[in-house]
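Visitor: Please take me through one part of this model in close detail. I would like the aromatic residues and whatever they lead to, step by step.

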Amino acid sequence: MRHIFSFVKFSVLTICITMMVACSSKGKKIADIIKITVTQTLHNPDSYRSVETKIDSLIHNRYGDTLAFDNVMKAFEAKENFDNASAGFYEKRDIIQSLLDSSNPSSHLAEIKEEKAKLDKYLMVMDSNATLIKSLSKELQENENSYDNKLSGWRVTHTFSYKAKDGDSKNCTYVLFMDETFSRVIRYLDEDNITYDSYVEAVDKLLKNEFK
């Protein structure tokens, strides 16, 4: 009987050790892939230090889909282009108006023509980016019924420290979308630029054609 108990204890211990080794191996695999992804984006990759890693399920829905992710990133870029062009447009509009309001507007015809040409270019950029955002929205709307809401991978929130270009130590958080086997990073967010909450909000707005 003592031998049976010893065997059972040994078997349980073996299973526990195996599970610990597997978990340790899995954790190292995740850490290594994250490190490779993150350090490729750093000015001083050798300064990278892991701080904290949290793992959540990545569901195949509007927030976990690669098309939604890519369209939102394109929409953010298009919005930035639109806003920059809009600022330029109103600046040129005000310049033209001040020239027209001058005591002798006819003497500024050449300058007005030049500023008008710049204004028209800004307007074209605004129109093209507004059209792009609408097309991205339409594409997401058409894709909305294709989600099965099943597990499609993992959302890994990783905080790390690093040294910036100026040498100052900083902390940053990346939200990485990884496949089911933690073999690769599919997409990632740098929360210094776009937080995950902002991303989720942007997906909803883009689907409703309210991304502005």
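Guide: Start at Y188, which is partly exposed, with a relative accessibility of 33%. This is a predicted model, so read each distance below as a property of the prediction.

Which ring does Y188 pair with, and how? Its partner is Y174. The two rings are stacked, with centres 5.1 Å apart and planes at 20°. That angle falls under the 30 degrees that set the limit for stacking. Y174 belongs to strand β3, while Y188 belongs to strand β4 (residues 185-190), so this one contact ties together parts 14 residues apart in sequence. Now compare accessibility. Y174 is buried, at 4%. Y188, at 33%, is partly exposed. The cut-off for buried is under 20%, so Y174 falls below it and Y188 does not.

A second pair is made by Y196 and Y199. Here the rings are tilted: 5.9 Å between centres, 40° between planes. Both residues sit in helix α4, three positions apart, or about one turn of the helix. Y196 and Y199 are both buried.

Step back to the wider set. The structure has 12 aromatic pairs in total. Y174 and Y188 also belong to one aromatic cluster, whose other members are Y48, F160 and Y162.

Now to the strands. Strand β2 covers residues 151-163. Strand β3 covers residues 169-178. β2 and β3 run antiparallel and are joined by 10 bridges. One matched position is T157, whose bridge partner in β3 is V175. The two strands form a hairpin with five residues between them. Within that hairpin, G167 adopts a positive phi, near 95°.

β2 also pairs with β1. This pairing is antiparallel too, over 10 bridges. R49 of the pairing faces S161 in β2.

S161 leads to S47. Where is S47 found? It lies in the loop between α1 (2-39) and β1. Is S47 buried or exposed? It is buried, because its relative accessible area is 16%, and the limit is 20%. Setting aside residues within four places in sequence, S47 touches S161, Y162 and K163. Y162 is one of the cluster residues named above. There is a polar contact as well: a polar atom of the S47 side chain lies 2.9 Å from the backbone nitrogen of K163.

Return to Y196, which has a charged visitor. The charged end of R155 sits over the Y196 ring, 4.3 Å from the ring centre. R155 is itself buried, at 18% relative accessibility. R155 also makes a salt bridge with D56, with the closest N and O atoms 3.9 Å apart. The pair spans distant parts of the chain: D56 is in strand β1 (residues 49-59) and R155 is in strand β2, 99 residues apart. D56 is partly exposed, at 32%. The salt bridge thus joins a partly exposed aspartate to a buried arginine.

What else links helix α4 to a distant part of the chain? Consider D204 and R62, whose side chains meet in a salt bridge at 3.1 Å, N to O. D204 is in helix α4 (residues 196-207), and R62 is in the loop between β1 and α2 (66-100), 142 residues apart. R62 is partly exposed, at 25%. This bridge has company: R62, E144 and D204 are linked in a network of salt bridges.

A local bridge makes a useful contrast. K79 and D83 form a salt bridge, with 2.9 Å between the closest N and O atoms. Why is this one local? The two residues are four apart in helix α2, so about one helical turn separates them. K79 is partly exposed, at 25%, and D83 is partly exposed, at 36%. The structure holds 11 salt bridges, counting these.

To trace the route once more: from the stacked Y174 and Y188, to the tilted pair in helix α4, and to R155 over the ring of Y196. From R155, the salt bridge leads to D56.

Terms used:
Residues numbered from 1 in each chain as written. Predicted model: local features only at pLDDT ≥ 70, side-chain atom pairs only at ≥ 80, totals over all residues. Heavy atoms only, no water. Salt bridge = Lys/Arg side-chain N within 4 Å of Asp/Glu carboxyl O. Buried < 20%, exposed > 50% of the residue type's maximum accessible area, 1.4 Å probe, protein only. Pairing = 2+ DSSP bridges. Polar contact = N/O pair within 3.5 Å; in protein donor to acceptor, adjacent residues only side chain to side chain. Contact = heavy atoms within 4.5 Å. Phe/Tyr/Trp six-rings, centres within 6.5 Å; stacked < 30°, edge-to-face > 60°. Lys NZ or Arg CZ within 6 Å of the ring centre and 35° of its normal.
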